[in-house]
Amino acid sequence: MEQFLQQLASGLANGAIYACVALALVMIYVSTDHLNFAQGEMAMFSTYISWQLMAWGCSFWVAFILAVLISFCMGVFIERVILRPLHHAPVLSIVVVFIGLLAICNSMAGAIWSYLIKEYPSPFPKADFGIAGVIGPHQLGVVIVTLVVLSLLFVFFRYTPLGLAMRAAAQNPQMARLVGVRVDWMLALGWGLAAAVGAVAGIMVAHIVYLDPNMMGGILLYAFASALIGGIGNPGGAVVGGFIVGVLENMVAYTGNMIEKITGIYIIGNGEKLTVALIIVIFVLTLKPAGLFGRVVVKRV
Amino acid sequence: MPALLEVKGLKAFYGQTQALYDVGFDIPEGGITTLLGANGAGKTTTLRAICNMVRTDGTVRFGGEDITRQATEEIVRRRIAHVPEGRGTFTSLTVDENLRIAAYTRKNKAEVDAERERVFGYFPRLKERIQQQAGTLSGGEQQMLAIARALMLKPRLMLLDEPSFGLAPLIVVEIFRILRRINEEEKVSILLVEQNAALALDLASHAYVLETGKVVMHGPAAVVKNDENIRKSYLGY
Amino acid sequence: MSMFPKKWVLPLIVLAFVIPLLRPLMPDVISNYRLFLVSTMIIASIAVLGLNLLTGFNGQISLGHSAFYAVGAYTSAILMDKLDMPYYATLPIAAAVCYVIGWLFGKPALKLEGHYLALATFALALSVPQILKYKWLEDLTGGVQGIVLSKPEVPFGLPLTDDQWLYYYCLIVMIILYWAANNMLNGRSGRAMMAIRDYAIAADTMGINTARYKTVTFGISAAYTGIAGALSASAIAFVAPDSFSFFLSIKFLIGLVVGGVGSLAGSVVGGIFYVLVDNSAQALSLFVKNDLGVQFDLSAYTVFGILLIALMYMMPTGIVGGVYAIVQGLRRNRRGATTGSATSPVRDVAANQQRP
């Protein structure tokens, strides 16, 4: 029972990470109709920036905040400079550009900081919290930080004028212009926020998976699966989807381990995580493209 | 007194297709002008061209300043409100949010709140449905919301694209009555595009008739309304 | 649909056959290593050709062709390793296996367009190395360590080195595949494929069985790239899961985009290009680290990434399209004619990229 709870807690912690990245993906999708394939690598790059800041002497949380701010600026820059001229380009061009971004982020991280796996510190004290043996301090910290960030975003979008303007611009850009909203800047802001949220996810997960340029590949795939499960246009759904996928992933691995322990037969375990994500992605895309909470978009002929 | 809106030699293009060939008119300050014509004559395109939502050529001057090449959102910030065809309400935002978004560019909170009360004075029905999602409102209520939202921009000029479209006659009459009040009490000049020529000519003081992208005739609304020849040739009744 | 001047084809083929034979005369210039390198370029061209059939000519975006390359490579490797099959016999089988898998993937892909298809193929590419390392397949695949193979033997006692023979083997395969693709694309099938790319929804009303063409194209495209993979297994004499990661798909994408989307000749140019850059980057990286002492792990992927982005702005029709445009421009100036209509062939190719 205790092991089950541990896996559940671990699943929630992983789910929190997936929820963040999935939210970033959905934010960009909702405002631009594009899937940001480079989201994972951007988050990884941001994490390296925070690592570098700490190497230069900053404390963890200072490095965290600075890295998140820098990532925000990077996101705005990418949207304004690289993506803006391609607003009306064919889908293939846009996908190609995203892959290009992916390649640049990944290879530059490897070039600057090498491909050696690095350890990444956890800001959460190593003491037990009285929930000893079930959830570790870092995992608990991850869930709390994630929930704080998500709440801040929710409040921002729901209750501030700028958040309202961004929602309007995402929903109906033409009409938003007609009420005076500078839609182009709203898109850039959306990208900045998405990059910032991705940075939070990367920094939180680095302690668990260790810092290396390829650390976010699998996480990105899981984030896509989460976003699809929640309904690709639904930010709340993406968050719920993230937690579902996180728990599901751990349950599958746990079940596989149990089966192996009992019967000695290995069916599935930690080495098949990406395959599971692939199956989820294909499944949702082909059978229920609207996910749990999304709406099916009818193509106007 | 210089006209509030001066349009000269306006051409407009959708991609490679030319939709307006040579449109020119003046909107005086404080008046209601209507743009009439058959389907496809270019009425909607003219309103879009004024807001630079389509590729244009020619000159558009507002309050003496050339706004031809400005971005749509900058033109709107000069206090031209465009109520597009199909209302253009943000359907998944509430009535309240639709009104707030229009006040996005305005800083003075007290002024904005007072404005809201005035707007609810014209459209009490909207006040009843303030937390309702705009997409669930009836057609007439959505049109009212679109006009109310335009009012929140505190416009000097309101462009209305077929406000009667798809609405029951009684609602249309009510809306047009409110438009007259808005024109008189808020001092908002109106440029009205309408298929329903009779109603439009009742409301407006001046009329322009468009045919295949050109202005073919214009005159005081009363004259146009009573001239049978004009009505038969251009307006179909 | 080929922008390549037909009169150059035969001379080029002749040169391609004759030059390596001159090796005994200049063994340093026509070195074994260079022959091996050119063989990998040919293999890369075939792989890019496969991708181009699906994405360039049929409008279905695939980020997952590294998966088909891997299946082809492993099929060939397993047949050679476990069943002692001769290397050339593994090609048709690898092609058939990849065709089936491609066709099977193409079926659910019918419902997916643009970004979503890209996502599905992206997921496929990311999971392939893991699938190859799956415990239950280890007996077949050799797990993490992969399978060691031997290079193709020179047949009939011909006086060629191993690398010379490898070169001719790859060259012959490519010429056959290229010729077949060219015929297909110039015929009815090709026109149907391109109609589907350009007029997706209307193609059905034109009487084209869109579903059938799309799945078959997926299969053929996978088969082509799978053959390339099978060839690579022989060329490198080794297969291991981590060689078939998503980064391989990035290389194919580079080949597609640099060479020219929707251009057969462009696929060849693209394949040659990415192998060249890949090799140069490795050399450059070693130079920077060892000779300059700078701890900067330069990678081809930085160049690739920048190129992918830059090309979308500057030369969306790729090198072949760009060269063609320049040549057309020069011809027009020489004749003194006015500029052509807005629908010149170059514009058509650019317009032929998938519309959202």
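**The A–C interface and two helices of chain A**

In this predicted model, 41 residues of chain A are in contact with 46 residues of chain C (contact: C-beta atoms, placed from the backbone, within 7 Å). Three elements of chain A each give two or more residues to the side that touches chain C: α4 (91-113), α9 (217-230) and α11 (273-287). Helices here are DSSP runs of H or I with at least four residues, numbered from the N terminus. The largest share of this side, 16 residues, comes from α4(A). By class, the side of chain A that touches chain C holds 29 nonpolar, eleven polar and one charged residues. Ala, Val, Leu, Ile, Met, Phe, Trp, Tyr, Cys and Pro count as nonpolar, Asp, Glu, Lys and Arg as charged, and the others, including Gly, as polar.

Residues are numbered from 1 along each chain as its sequence is written, while chains are lettered from A and ligands numbered from 1 in the order in which they are written. Local features need pLDDT of at least 70, side-chain atom pairs count only at pLDDT 80 or more, and totals for chains, interfaces and linings use all residues.

Helix α1 (residues 2-32) of chain A has 31 residues. Its first and last C-alpha atoms lie 45 Å apart, close to the 45 Å expected at 1.5 Å a residue (expected span: 1.5 Å times one less than the number of residues). Of its 31 residues, 23 are buried (buried: 20 or more other C-beta atoms within 10 Å of the residue's own, all placed from the backbone). Just after α1(A), D33(A) takes a positive phi of about 65 degrees.

Helix α2 (residues 39-55) of chain A has 17 residues and should span 24 Å; its end C-alpha atoms are 24 Å apart, which agrees. α2(A) is mostly covered, with 13 of its 17 residues buried. G57(A) follows α2(A) and has a positive phi, near 115 degrees.

How values were computed
Contact = placed C-beta atoms within 7 Å. Buried ≥ 20, exposed ≤ 12 C-beta atoms within 10 Å, placed from the backbone.
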